[in-house]
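Hi,

Here is the structure I said I would pass on. Have a look at it first, and then read my notes below.

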Amino acid sequence: MASNLLATLSIVLIVLPTVAMATEYIVGDQAGWTVNFDYQAWAKDKVFRVGDKLVFKYAAGAHNVFKVNGTAFQNCEKPPLNEALTSGDDTIVLATPGRKWYICGVAMHCKLAGQKLAITVLPQVEAPAPSIAPSTHYAMTTSSSKKAKFRSTLWW
Ligand SMILES: *[C@@H]1O[C@H](CO)[C@@H](O)[C@H](O)[C@H]1NC(C)=O
Ligand SMILES: [Cu+2]
């Protein structure tokens with residue numbers, strides 16, 4: 001029991017800082033990925049960075065998601081169907097900086113109902129300059145003064 005708890009705690013402690021740094025955006029928020037929604041207005045005041053995620057939520061079959069180039073975005077050109085994301089809960093990790101374009105390939109959703117999203121992905125937040133890091137050594141002074149109490153598990 002206690003070892004399971006410890007294992008779980010360790011995993012959570014290791015994973016948590018990694019997760020907390022990236023932002024996960026539900027495209028369209030409560031509206032999800034749908035027709036007649038202004039995705040440019042939705043994206044306008046958001047800052048997208050490498051490592052962040054876009055989640056496209058929709059009823060599977062009703063829509064899909066294509067990552068396209070700027071020309072295809074403009075003209076609502078659909079790539080081959082096998083390139084579509086279709087699960088209804090599609091996560092895209094923003095892997096590189098730059099302009100990114102997404103469209104729905106179902107019927108005329110892109111062309112006639114504005115189901116298209118264009119964003120600009122910025123680089124990850126700068127880490128400390130590499131020229132400074134190797135020559136400077138910081139002692140690890142942070143330590144938890146509160147030891148975890150597992151004694152309660154013995155009283156079962
Ligand atoms: C943009 O995408 C379309 C459709 O997938 C493709 O036909 C075209 O060659 C692409 N253009 C560029 C410049 O990559
Ligand atoms: Cu659609």
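Before the details, a word on terms: two strands count as paired if DSSP finds at least two bridges between them. Strands themselves are DSSP runs of at least two residues, numbered from the N terminus. Please also keep in mind that this is a predicted model.

With that in hand, take strand S6 (residues 98-103) and strand S7 (residues 116-122). They run antiparallel and are joined by six bridges. One pair to look up is Ile103, whose bridge partner in S7 is Lys116.

Those two strands belong to an open sheet of four, ordered S2-S7-S6-S4, with mixed pairing. At its edges sit strand S2 (48-49) and strand S4 (66-68), each of which pairs on one side only.

There is another sheet too. This one is also open, has three strands in the order S1-S3-S5, and its pairing is mixed. S1 and S5 are the edge strands, each paired on one side only. On average, neighbouring strands in this sheet are turned by 20 degrees against each other, ignoring direction.

Where does the mix in that sheet come from? Strand S1 (residues 24-26) runs parallel to S3, with three bridges between them, whereas S3 and strand S5 (residues 89-93) are antiparallel and share five bridges. If you want to trace the ladder residue by residue, Tyr25 stands opposite Leu54 in S3, and Ile26 has Val55 of S3 as its bridge partner. On the S5 side, Lys57 is bridged to Asp89.

S3 itself is worth a look. Which of its side chains are buried? Along residues 53-57 they alternate: Leu54 and Phe56 point to one face and are buried, while Lys53, Val55 and Lys57 point to the other and are not.

Zooming out, the chain has four helices and seven strands. From the N terminus, the order of elements is α-β-α-β-β-β-α-β-β-α-β. Of its 156 residues, 18% count as buried. As for contacts between residues at least 6 apart in sequence, 75% join residues at least 24 apart.

Last, the ligand. What surrounds ligand 1? Around it are Val68, Asn69, Thr71, Ala72, Glu77 and Pro79. By type, this shell divides into three nonpolar residues, two polar and one charged.

Over to you now.

Cheers

Notes:
Residues numbered from 1 in each chain as written. Chains lettered and ligands numbered in written order. Predicted model: local features only at pLDDT ≥ 70, side-chain atom pairs only at ≥ 80, totals over all residues. Buried ≥ 20, exposed ≤ 12 C-beta atoms within 10 Å, placed from the backbone. Near = placed C-beta within 6 Å. Nonpolar A, V, L, I, M, F, W, Y, C, P; charged D, E, K, R; others polar. Contact = placed C-beta atoms within 7 Å. Axes fitted to C-alpha atoms, helices over the stretch in contact; angles between N-to-C directions.
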